[in-house]
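Let's take a walk through a protein model together, one stop at a time. Have a look at the sequence and the structure first, then read on.

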Amino acid sequence: MQERMGNPALVLPAAMQALTALAQVPAEAGLSPKLLELVNLRASQINGCSVCIDGHPRIAKKLGETDERLFAVSAWRDTPYFSGAERAALALTEAVTRTSDRSDPVPDEIWDEATRHYDGKSLAALVIAIANINVWNRLNIATRQIAGAWKP
């Protein structure tokens, strides 16, 4: 496979600046960088973004994440490795990423579980993080960015 063009965020530096600034908001709001990488990986798995599936585990490993947990992200419901808060974040990630899969994309049960673990500011930051990784996935997929070319 060959990329169609450079990543649009690199072609348009103002876009890169905006997306980079947006990516900093969740951590500045207090969300764990390791949690954010789990969210990034799960959304990227759903979207089939090879660049992010390749890169985000590398970032997570640098933050101290274990192989065991990274290998289990796609099956998080069936493994004992994730906390209640992480499970709520992963469920919300799946719902927000798969908006066309059901008539109520983010059911109350998923939202309510997230509110049990995250206050308003943290929940807002989590939704921003999920939206931002979905933007990156779509940019990479549309332009056929090559896995391994980005080395975080």
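In which handedness of crossing does H6 pass H7? H6 passes H7 in a left-handed crossing, a label used when the near helix is turned anticlockwise from the far one by less than a right angle (clockwise would make it right-handed). Helices here are DSSP runs of H or I with at least four residues, strands are runs of E with at least two, and both are numbered from the N terminus.

Before going further, a word on what you're looking at. This is a predicted model, where local features need pLDDT of at least 70, side-chain atom pairs count only at pLDDT 80 or more, and totals for chains, interfaces and linings use all residues. Residues are numbered from 1 along each chain as its sequence is written, and side-chain values use heavy atoms, with hydrogens and water left out.

Back to our pair of helices. Two packed helices are described by the angle between their axes and the distance between the axes. Helix H6 takes in residues 84-97 and helix H7 residues 108-117; they pack at an angle of about 145 degrees, and their axes are 9 Å apart. (Axes are lines fitted to C-alpha atoms, for helices over the stretch in contact, and angles run from 0 to 180 degrees between N-to-C directions.) On the H6 side, the contact is made by Gly84, Ala85, Ala88, Ala91, Leu92 and Ala95, while H7 brings Ile110, Trp111, Glu113, Ala114 and His117; contact means heavy atoms within 4.5 Å. Sorted by class, that makes eight nonpolar, two polar and one charged residues. In this scheme Ala, Val, Leu, Ile, Met, Phe, Trp, Tyr, Cys and Pro count as nonpolar, Asp, Glu, Lys and Arg as charged, and the others, Gly among them, as polar.

Pro107 sits in the loop between H6 and H7. Is Pro107 buried or exposed? With a relative accessibility of 13%, Pro107 counts as buried, since buried means under 20% relative accessible area, exposed over 50%, and partly exposed in between (1.4 Å probe, protein chains only).

Now step to the other side of H6, into the loop between helix H5 (67-72) and H6, where you'll find Arg77. Arg77 has a relative accessible area of 51%, so Arg77 is exposed. Leaving aside neighbours within four places in sequence, Arg77 is in contact with Arg87 and Glu94. The side chains of Arg77 and Glu94 are joined by a polar contact of 2.7 Å. (A polar contact is a pair of N or O atoms within 3.5 Å; within protein, one must be able to donate a hydrogen and the other to accept it, and residues adjacent in sequence count only if both atoms are side-chain atoms.)

Next up is another helix pair. Helix H2 (residues 13-28) and H8 pack at an angle of about 145 degrees, their axes 8 Å apart, and their crossing is left-handed. H2 makes the contact with Met16, Leu19, Leu22, Ala23 and Pro26, and H8 with Ala125, Ile128, Ala129, Asn132, Val135, Trp136 and Leu139. By class, this contact has eleven nonpolar, one polar and no charged residues.

Zoom in on Ala125 in helix H8. Ala125 is at 3% relative accessibility, so Ala125 counts as buried. Not counting residues up to four places away in sequence, Ala125 touches Pro26, Ala29 and Leu31.

Further along H8 you'll meet Asn140, which is buried at 6% relative accessibility. Which residue's side chain shares a polar contact of 2.7 Å with Asn140? The partner is Asn7, found in the segment before helix H1 (8-11). Asn7 is buried as well, at 5% relative accessibility. With residues up to four places away in sequence left out, Asn7 touches Trp136, Leu139, Asn140, Thr143 and Gln145, and the residues that Asn140 touches include Cys49, Val51 and Cys52.

Our last residue is Arg144, in the segment after helix H8 (120-142). Most residues other than glycine have a negative phi. Arg144 has a positive one, near 55 degrees, and is partly exposed, with a relative accessible area of 37%.

Finally, what does the database record add? In an unreviewed entry, UniProt lists residues 1-23 as "signal peptide", and that span is 65% helix and 0% strand. An annotation from an unreviewed UniProt entry, "domain: Carboxymuconolactone decarboxylase-like", covers residues 13-94, a span that is 74% helix and 0% strand. UniProt positions are given in the numbering used here, feature names are shortened, and annotations may be inferred rather than shown by experiment.
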